[in-house]
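Hi everyone, thanks for making room for me today. Have a look at the model on the screen, and then I'll walk you through it.

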Amino acid sequence: MTSESPSLEKAAADRCCTVVSKEWRKHGVRVERIPQKHRGDHLRITFAPFRTRPAGQLLVLGHYDTVYSSGTLTKMPFRISGGKAYGPGIFDMKAGIVQALFALQALLRAKLRQQKQIVFLWTSDEEIGSESSRKLLETEARRSEAVFVLEPSFGPHGLVKTARKGVGQAELIVQGRASHAGLAPEEGINAVHELAAQLTRIEKWNDTRRGISINADIVEGGTRVNVIAERARAVLDLRALRISDMHSVESRLHALRPVHKGAKLKITGGFDRPPLERKNCAALFARAKSLAKQMNLSLGQCTAGGGSDGNFTGALGIPTLDGMGAVGDGAHSDHEYVLINTMPGRAALLAALLATC
Ligand SMILES: [Zn+2]
């Protein structure tokens, strides 16, 4: 069954939500559909221990929305070839949802005396910043002792993501004063020159070793060649690996003062997703690695430059292991795929973690 689920198309996303919920309902777990006005509905699935009061909660987190608009399937159909399954959103992260479903089945079949309640949360707007799901996922994370994020892993060996950069954007607007560039240059305040001076300053804050990057990726300013530019703006991409660096980048941005007399600066924005710091999940990763070893799997870790909903749960101080999903490549591209033969092992590892955490 194929079902497209672009973040921005509610009707299509809702259809996919129905497909997912049907599969989970088959297993006797509580499936709640949380209606949304503008985005696809979110799904909360609860697997409660049999006949006992749950001793805590574990959260399995993911999203079913994709970056591909409706109709992509005609150009990029689901297909299996050479041990790989291709399709839009398969790696990021529909295969992760499938793996979690098999993990649930494994837990049901093993008939373990499950101590903790397990909540699976599948949201519909991760790819566009999680505006409609953030509160919900933070609430569930606060109730949980650990969060497993079924986002794609990294590389052919399926590294989990034990650190993720925080991501944000800011806009820097410069207000100068227009004047004739030939007749009265002294009366003008050049906003483009001011912006250039500020960007030269900001560029020096980049620190690859610490994982701080600030990039002016959109700039515009001025109107005509003989008019001193009155206005200029830059949109900055912000990334940091540490929460303290995130705060210092934000405060430095807001502390910027004009270089040219009379120019005015306006700075808005900041980090949307805080960094997921490695120390947050060191213990959880160690446990995952040792379980993997018992299953004859090797498990490595890496740092991701992009953010996910794991950044939100990690920032609350809840141990969060991200990149627990599929092994593959090509997220957000026309050759997105997963390696099929890795899926059972990944599902088994998740089941083992859920059974023992
Ligand atoms: Zn994703």
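I'll go through two sheets and then a pocket.

First, some ground rules: this is a predicted model, so to speak, with local features needing pLDDT of at least 70 and side-chain atom pairs counting only at pLDDT 80 or more, while totals for chains, interfaces and linings use all residues. Residues are numbered from 1 along each chain as its sequence is written, and side-chain values use heavy atoms, with hydrogens and water left out.

Okay, sheets. Strands of a sheet pair through backbone hydrogen bonds, either parallel or antiparallel. Here, two strands pair if DSSP finds at least two bridges between them. The names come from DSSP runs, numbered from the N terminus: helices are H or I with at least four residues, strands are E with at least two.

One open sheet has four strands in the order E10-E11-E9-E12, paired antiparallel. Which strands stand at its edges? They're E10 (213-221) and E12 (264-273); each has a single partner strand, so one side of each is left without a neighbour in the sheet. On average, neighbouring strands here are turned by 15° against each other, direction ignored. Inside the sheet, E9 (residues 166-175) and E11 (residues 231-240) run antiparallel and are joined by ten bridges. For example, Glu-171 has Val-235 in E11 as its bridge partner. Helix H5 (residues 191-203) packs on this sheet and touches E9, E10, E11 and E12, and its direction makes about 15° with that of E11. Contact means heavy atoms within 4.5 Å. Axes are lines fitted to C-alpha atoms, for helices over the stretch in contact, and angles run from 0 to 180 degrees between N-to-C directions.

Another open sheet, also of four strands, goes E4-E5-E16-E15 with antiparallel pairing. Within it, E5 (residues 84-86) and E16 (residues 337-339) pair over three bridges, and Ala-85 stands opposite Val-338 in E16. Helix H3 (residues 90-110) packs on that sheet, touching E5, E15 and E16.

H3 turns up again in the largest pocket, where it gives the largest share of the lining, eight residues. A pocket, on a 1 Å grid over the protein atoms alone, is an open set of points where a 1.4 Å probe fits, with protein on both sides within 12 Å along at least five of seven lines; lining residues have an atom within 4 Å of a point. Of the 33 lining residues, the closest to the centre are Met-1, Phe-78, Lys-94, Ala-95 and Val-98.
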